[in-house]
Every structure is written in structure tokens, then in C-alpha cells.
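Grab the coordinates and work through a few exercises with me. Each one has a task and then a solution in steps.

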Amino acid sequence: MTTDLSSEELIAAFAREHRLPSVAVALVAADGPVRTLAYGHADLDAETEASPSTVYRIGSITKTFTAASVLQLRDTGRLRLDDPLVEHIPEFAQVTNPFGPIEDVTVRRLLTHEAGVPVESTAFDWDERRFPSIDDIIAGFPETTLAVEPDGEVKYSNLGYQLLGEVIARSGGKPYRTYITEHLLEPLGMDSTAFELDGELAPRAARGHEPPAFSDRLQPSPDRLKATDADGGLCSSVEDVAKWLRLQFRTDVQLSGGDQVLSGPSLADMHRPRRVLNRDWTQAMGLGWRVYRREDGEIHIGHAGGTFGFTGMALFSPARGVGVVALTNGEGPTGKLAARLLRLEDLDRASTPTPGGAPDLPQPVPVPFGEFLGIYAWKDHSAPARVEWLRGRLVLSSFDERHGEQLSVLEPTDDPLVFVVHGGRGNGEPCTFRRGPTGHITGLAIGGWPLVKLVSAE
């Protein structure tokens, strides 16, 4: 996929390449119309086509809204960025800081992921499906210890933004959801943005999908189970997130008011690099946003999002006054797509894209083939191989340093355990699957070489 393609071609190719149910995109210009398009299915089972008004979960893009709310409260004098967190959440004094005083955890360091707090609360457990509320998180403070020294390094933390959500609730005098809705979403006219995919948004809600390990037939993901909102709870459409990006270009407006929910100087403060993340200075942390410096010196500002079957990216160029929002109801590198679109020379002059339609739906795995899917390994060799159902075919793929990548199509024969290999080192030879005493598939053999089944898709 190359950037000499049109935006429509890039989006369709991206969806096909990464096996995504749908991709919706908004191309944003500071002084021009927002152009939107969508490709694919909002719901695979219902075969509902996606549109620019489809509502997706935007995951951690929510953090930019949380950060903006903190800046609003700073501007109205209700907090300072260098306030110790314990001034706003006194219970945080129960957290252990082995590196120094707990007051080293400040609001500013939480915004830039430099506070040293863990990624999640100690009460969080994915295996046990424990997703704590903010009250549970606070109750777990006595068992919580900072992971790294505050201001020592950038350590991305959902917990840090969950705590900022509580700061907003206490300093703003209302629940976090209410504050965000009243102070950001409603003034900006973001009426397709909310914390739940229900009510009036339900008919336009995309269904999250997760790629199965051994097939291109995507499976519905569980709904977002986390009880916290400030770290990644918002749902939105590309049309609405485009309104959020349009705001980011108004850094020359001195005062806030109306739909200028944050003054220009405070917006610029959010975009300013605070902490360089690598030696070549290509990435840095701002306040809620991440800053990217391209090889040609152009600065891009953005934030990615990913949660329970959804991924997304909001990215913009302050110098050129253009931006891109990319959302999908699958798992794919939307940041790469947004960056490619933002690099298109004619992005700010492009004609309005037309909808790209929807791809053909992947075929489900035929029942007789399901038991063969999984990971195999040579009995006396460490290189693994995968048997998968891709593009309507049973395939065997492997990679090792000696032979590189090998892909073989397995053609069925009259014997349900025997297939003819097409392609790769075993081309033309039989692939014979083996059953164990319990009736399960335990391995396969090609040309006399045995492979043992290590992981099953069943």
C-alpha cells in the first residue's frame, strides 16, 4: 500500500490488508469542509454497511478529552497542574512511593504519563474479568505501589487517567460523564458522542470484532467491560471527532466561550512537547496528546485508541491545518493509515470522497476443517507452522531463517485426513493429519516430516 493512491483506494486497501470489518475516515481542514467516507461492515452478522455516521468506541482518544477538562479547571482556578494528586484525592496518600514522597505524583505528571503509577489498578484482572470502578480503585490504594520513579520516565498508564477523571469529578463538582458532556460535547455539538452505545445511538452503533487466531472470519468482541470512563470510555463517529480536531486548530483565540471550550493558549499548551521519548526526537509527550516529528520537520499531533474490538486514531498537522480521523471496529494499525492520509499532498484540496461500499464477507470455517486449525511444530525443529482458514482456503504457513516464509494451500482429497499440498517445499505431496487415541488431531506429516500439534483453535 503506497501513498500515491487516492484516499478512497488507501482506505479500501487498508481494510482488506488488515482484515478489518470496516474503516471510517474523516479528512479535516481548518478552513474547509470535512470530507468523510466509510468502507466495510458496521456489523458482520447483520451485514450492515458502515457509514461516516457509524458510531465506534474510540478508546484512549478519550484521554484527550480528559486532559482538556483538566486544563479547563486549571483556567478557572480550581486546580494547578503542579498540584500533588493528594490535594484532590486525599486517599491517594495510602499509595506507596518507594522513590520519595507521595506528593511527587502531580496532576501534570499524570497528564504526561510521568507519574510512575501502574498501567492498571491492582484490582484489575483480565483473566478473572475484574474491571474495577473508581471506588474499587480508591479502596485498593493501600495495596498499590508506584511502578517507577515519578518524573523518571514515561510509563503509559490507564490508571493515571482514571485518577484524573476523579480529579475532574471532585474539582468540577459533578460526575465525570456529566462534566465532559456539559463542558465539551454539548458546546461542540458532538451529539453522536457518548459513553454508551445505546439509546439514540444504538441503531448507528458498530459492533466490535476480534480476529480469530486461525481464520479470517472475524468474531464479535465482548462489550467494553471496564467500569471507568476517563481512560477510554467514549463512543463517537468520525464526523464528531472531526469537530474535536477542528477545535485544535484554534490556537490563536485568546478566550474560551461558546464552542471555544478551551482558549487558544491552553490548546497550544496541550500540543507543546513536554518529554522527548526517543533519541532521534521523533516522538514526545504533550498534555494528553502525543507529538510526532517527521523527517522533513513537520509536526503531527495525535492520539490512538483501542478497546475491546475497536481501534482508532486522531492525527493532525498544525502547520498545514489538516487532520485525519480513522476509526474501525476491528484491530488494525489505524495510526499508520492516518499518517499515510495526512501525508497526501492534496489532502486539503481533495474532492469529497464517495462511499467505498463493503468488501465480500469472509467465509466461515467449514465444520470438517475446524479441527485441523492450530499451531504445529517440527518434532525435532523449533520452527512453528500454522494451519489456518484464509480467503476460503485451508492453508499451511511457516517461517524460519533457513527457508524464509512458506505458504501452502491444502487441497482436500477423498480421504478427510489427507490433503494435497500446493506451494512451498511440500508442493505436490500429501499432507496427512493424524488422530490420537482420544480422537483429537495430534499432528500432521508432509513428505515424511512429522509435525506435532501444540495449540488448537477449537
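**Exercise 1.** In the hairpin of β11 and β12, which residue takes a positive phi, and how many residues lie between the strands?

Some ground rules before solving. This is a predicted model, where local features need pLDDT of at least 70, side-chain atom pairs count only at pLDDT 80 or more, and totals for chains, interfaces and linings use all residues. Residues are numbered from 1 along each chain as its sequence is written, and side-chain values use heavy atoms, leaving out hydrogens and water.

*Solution.*
- Start with the elements: helices (H or I, at least four residues) and strands (E, at least two) are DSSP runs, numbered from the N terminus.
- Next, the pairing: β11 and β12 are antiparallel, with seven bridges (strands pair if DSSP finds at least two bridges between them).
- One register check is that I301 has F316 of β12 as its bridge partner.
- Now the turn: two residues sit between the strands, and F308 has the positive phi, near 45°.

**Exercise 2.** Work out what lies on the other side of β11, and place these strands in their sheet.

*Solution.*
- Strand β10 (residues 290-293) pairs with β11 (residues 299-307) through four bridges, again antiparallel.
- Here I301 of β11 is the bridge partner of V291.
- The β10-β11 hairpin has five residues between its strands, and G297 in the turn has a positive phi of about 95°.
- Zoom out: the open sheet has nine strands in the order β3-β2-β1-β13-β12-β11-β10-β9-β8, paired antiparallel.
- Its edges are β3 (48-49) and β8 (275-276), each of which pairs on one side only.

**Exercise 3.** Find the helix that packs on this sheet, and say which strands it touches.

*Solution.*
- Look first at β1 (residues 22-29) and β2 (residues 35-43), an antiparallel pair with six bridges.
- In that pair, L27 is matched with R35 of β2.
- The helix is α7 (residues 238-248), which touches β1, β2, β12 (310-317) and β13 (322-328); contact means heavy atoms within 4.5 Å.
- The direction of α7 makes about 30° with that of β1 (axes are lines fitted to C-alpha atoms, for helices over the stretch in contact, and angles run from 0 to 180 degrees between N-to-C directions).

**Exercise 4.** Describe how α2 and α5 pack, then list the residues in the contact.

*Solution.*
- Two numbers do the geometry: α2 (residues 62-75) and α5 (residues 158-172) pack at about 40°, with axes 10 Å apart.
- The two helices are therefore oblique to each other (under 35 degrees is roughly parallel, over 145 roughly antiparallel, 65 to 115 roughly perpendicular, and the rest oblique).
- From α2 the contact takes K63, T66, A67, S69, V70 and L73; from α5 it takes N158, Y161, L164, G165, I168, S171 and G172.

**Exercise 5.** Classify the ring pair of Y176 and F195, and locate both residues.

*Solution.*
- For context, the structure holds 16 aromatic pairs.
- With ring centres 5.8 Å apart and planes at 65°, Y176 and F195 are edge-to-face (rings of Phe, Tyr and Trp, the last by its six-membered ring, pair if their centres lie within 6.5 Å; planes under 30 degrees apart are stacked, over 60 edge-to-face, the rest tilted).
- Y176 is in helix α6 (residues 176-185) and F195 in the loop between α6 and β5 (209-210), so the pair links parts of the chain 19 residues apart.
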